[in-house]
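Here are my notes from going through the model, jotted down point by point. Have the viewer open while you read.

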Amino acid sequence: MKKFFLPAATAMLLVISGCAPKTNIATDQLPVHVQERFSLSGTEQQSPHWWLEFNDEPLDELISKALASNLDILAARQRLLQAEAVSRQAGAALSPTLDYRTSATESRSRNNGDESSSTNLSIGLAAGYEIDLWGRLSAAQEASIYSAQASSEDVQTAALTVAAQIASSWYQLAESNSQLQLLQKQQDVNRTGLQLIQLRFNAGQVGIADVLQQKQLIEAQSGEQSQQRASATVLEHQLAVLSGMPPKSLALPDQPQLVELPPIPATGVPLEILSSRPDVKSAYLDLLAADRNVAVAIADQYPRLSISTDLSTSGTASQLFNNWLASMAANIVGPILDGGLREAEVDRTTAVARERFYSYGQTILEAIREVENALAQEQEQDKLIGSLQLQLNLANDTLENVRDRYKQGAEDYQRVLTALLSQQNLERSLLTARQQRIGFRISLYRALAGQVLSNPLHNLETVSQAKPVTPLHPDAL
C-alpha cells in the first residue's frame with residue numbers, strides 16, 4: 001500500500017485544487033471613464049527627450065548630466081535592483097532544493113589500560129520540492145515580477161521629474177538674469193531722468209518733491225536687483241543639487257536665455273498617453289501585483305504537498321561508502337485551526353488590491369488633468385502675452401507724451417512718474433509671462449512624456465525577460 005500512497009494523495013489534491021476560489025479584481029478594466037480625445041492638439045510628434053524641442057544645447061547638456069548623477073534617480077535604480085532580487089527569490093521557490101551535509105565524530109575508549117580511538121564520518125544529500133498545487137508559488141513570483149516592473153517605471157518617473165525640474169529651474173534662471181539686465185537698463189534711464197529733473201529744480205522750475213521721488217524710484221530698483229540676484233543664486237543651487245552636486249559646485253555650460261516655443265505637440269488620444277506614461281504604468285503594475293498577492297493569500301488556505309529525499313552514508317573512512325541509506329517522503333501540511341489568520345489575510349490583500357484599483361484610477365485622472373491644465377494655461381498665456389505687449393506699446397506712447405508735456409511745463413511730475421512706473425512694470429511683467437509660458441509648455445511635455453531613460457533596468461535578467469505588460473492598448477480593453 002505504501003507504493004500507492006504518494007500517487008493517490010497527489011491525485012486527490014489535484015482534484016481538490018479545481019475547487020480553489022479565484023480572485024475577482026477587475027484588473028482588465030479602467031476604473032474611470034476616459035474621453036476620446038483632448039481639448040487641443042498640435043501636429044508635431046513629441047520626442048521622448050522632449051527638452052530637445054527647445055533647441056537649447058546648454059539645457060540638453062545639463063539634463064544629460066543630471067540623468068546620470070541625480071541622487072533620486074540613483075536611489076530609484078537601487079530600489080529596482082532590490083525588487084529584481086525579490087523576484088528572483090520568489091522564482092527560486094518553484095525550483096527543487098538540494099543541500100549537502102557532512103560530519104565527523106571522533107571517539108576514544110580505554111579498556112584494561114589499552115586505549116583506542118575511532119573516527120566516524122557521515123556524508124549526505126537532502127533534496128526537497130514543493131508541488132505548486134494551487135498556484136501559490138507561481139502567483140508570488142508573478143507578483144514580484146510585476147512589482148519589479150513597477151519599480152522600473154518608477155525609475156522612469158524619477159528621471160522625467162528631474163528633467164522637468166531642471167528645465168523649469170533653467171528658464172526661471174533665464175528670467176532672473178533677464179530681469180536683472182532690464183532693471184539695470186531701467187535704472188540707467190531713470191538716472192538720466194534724475195539729471196534732467198535736477199537741472200529743472202536748480203532752475204526753480206520744479207519742486208524738491210520731484211527730485212526725491214525720482215531718487216526713491218532708483219533706489220527701489222536697487223532693492224529689486226538684490227532680490228533677483230538672490231533668486232538667481234537659489235536657482236543655481238537648485239540646479240546643482242538636481243545634478244547630484246553640492247551648491248556652488250556646478251559650472252553652468254552657458255547663461256540661460258528665454259526661448260521662443262515651437263508649436264504645441266500632438267496630444268493624441270488619452271488612451272495612448274495612458275499607455276506611455278510611466279506613473280500610470282507603474283500604478284497598473286502595482287494593481288497586478290496586488291491581485292497576485294490575493295491569489296497567494298487564497299492558496300495559502302489550502303494544504304501544501306512537498307516531496308523530500310535523503311541519501312546518506314556513514315562509517316569509518318574505510319567503510320564510508322559500504323553502507324548507504326536512502327529515504328523518500330511526501331508531506332501534506334494544511335491548516336485546521338488558525339484563529340481566522342489566513343481568512344483575515346485574504347481580506348487584507350483583497351482590500352489592498354481594491355485600493356490599488358482606485359489609486360490606479362486616480363492616477364489616470366491626474367494624468368488627464370495635467371495635460372488639459374497645461375493646454376489651457378498655455379492657450380490663455382498666449383492671450384496674456386499679446387495683451388501685455390499691446391499695453392506696453394500704449395504705455396510707451398503715453399510716457400513719451402507726458403514727458404514732452406512735462407518738459408513744456410504743461411504736466412506735473414506725478415503723471416510722468418505714474419506713466420514711467422506703468423511702462424517699466426509692464427516690461428517686467430512681459431518677461432515673467434514669457435517664462436511662465438515656457439513653464440506651461442514644460443508641464444505639457446512632461447504630462448505627455450513616456451520613457452526618458454533608454455535602459456533603466458541595468459540588464460536585470462528576471463525583469464527584462466518577464467512578459468511585457470501593455471494593458472492600456474485599446475485592443476486590450
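The points below cover a helix pair, a few single residues and the salt bridges.

1. First, a reminder: this is a predicted model, and the distances, angles and accessibilities below are computed from it.

2. Let's begin with α2 and α3. Helix α2 covers residues 57–69 and helix α3 covers residues 71–92. Their axes sit 6 Å apart, at an angle of about 40°. Angles under 35 degrees would count as roughly parallel, and the α2/α3 pair is therefore called oblique. On the α2 side, the residues that meet α3 are Ala-66, Leu-67, Ala-68 and Ser-69. On the α3 side they are Leu-71, Ile-73, Leu-74 and Arg-77. By type, this contact of α2 with α3 splits into 6 nonpolar residues, 1 polar and 1 charged.

3. Next, have a look at Ser-176, which lies in helix α4, residues 136–202. Is Ser-176 buried or exposed? Its relative accessible area is 4%, and under 20% counts as buried, so Ser-176 is buried. The side chain of Ser-176 makes a polar contact of 3.5 Å with the side chain of Gln-228. If you set aside neighbours within four places in sequence, the contacts of Ser-176 are Gln-228, Ser-231, Ala-232 and Leu-235.

4. Two backbone angles are worth a glance. Asn-55 is not a glycine, yet its phi is positive, near 55°. You'll find Asn-55 in the loop between α1 (2–17) and α2. With a relative accessibility of 71%, against a cut-off of over 50%, Asn-55 is classed as exposed. Lys-248 also has a positive phi, about 70°, without being a glycine. This time the loop is the one between α5 (208–242) and α6 (270–276). Lys-248 comes out as exposed too, at 70% relative accessibility.

5. Back in the loop between α1 and α2, there is Ser-41. What does Ser-41 touch, not counting residues up to four places away in sequence? The list is Ile-264, Pro-265, Ala-266, Thr-267 and Gly-268. For Gly-268, the sequence separation from Ser-41 is 227 residues, while the C-alpha atoms are 7.0 Å apart in space. With Thr-267 there is something more specific: the side chain of Ser-41 reaches the backbone nitrogen of Thr-267 at 3.0 Å. Ser-41 itself counts as partly exposed, with 40% relative accessibility.

6. Now for the salt bridges, of which a search of the whole structure turns up 23. One to inspect is Lys-281 with Glu-153, whose side chains meet at 3.4 Å, N to O. This pair ties together distant parts of the chain, with Lys-281 in helix α7 (residues 278–299) and Glu-153 in helix α4, 128 residues apart. How accessible is each partner? Lys-281 is buried, at 18% relative accessible area. Glu-153 is buried as well, at 8%.

7. Another salt bridge joins Arg-277 and Glu-370, with the closest N and O atoms 3.0 Å apart. Here, too, distant parts of the chain are linked: Arg-277 belongs to the loop between α6 and α7, Glu-370 to helix α8 (residues 341–407), and 93 residues separate them. The two partners fall into separate accessibility classes: Arg-277 is buried, with a relative accessible area of 2%, whereas Glu-370 is partly exposed, with 27%.

8. Last on my list is the salt bridge between the side chains of Asp-300 and Arg-304, at 2.5 Å, N to O. Asp-300 is partly exposed, having a relative accessible area of 22%. Arg-304 falls into the partly exposed class at 35%. Elsewhere, Glu-260, Asp-382, Arg-434 and Arg-437 are joined into one network by salt bridges that share partners.

Methods
Residues numbered from 1 in each chain as written. Predicted model: local features only at pLDDT ≥ 70, side-chain atom pairs only at ≥ 80, totals over all residues. Heavy atoms only, no water. Axes fitted to C-alpha atoms, helices over the stretch in contact; angles between N-to-C directions. Helix = DSSP H or I, 4+ residues; strand = E, 2+ residues; numbered from the N terminus. Parallel < 35°, antiparallel > 145°, perpendicular 65-115°, else oblique. Contact = heavy atoms within 4.5 Å. Nonpolar A, V, L, I, M, F, W, Y, C, P; charged D, E, K, R; others polar. Buried < 20%, exposed > 50% of the residue type's maximum accessible area, 1.4 Å probe, protein only. Polar contact = N/O pair within 3.5 Å; in protein donor to acceptor, adjacent residues only side chain to side chain. Salt bridge = Lys/Arg side-chain N within 4 Å of Asp/Glu carboxyl O.
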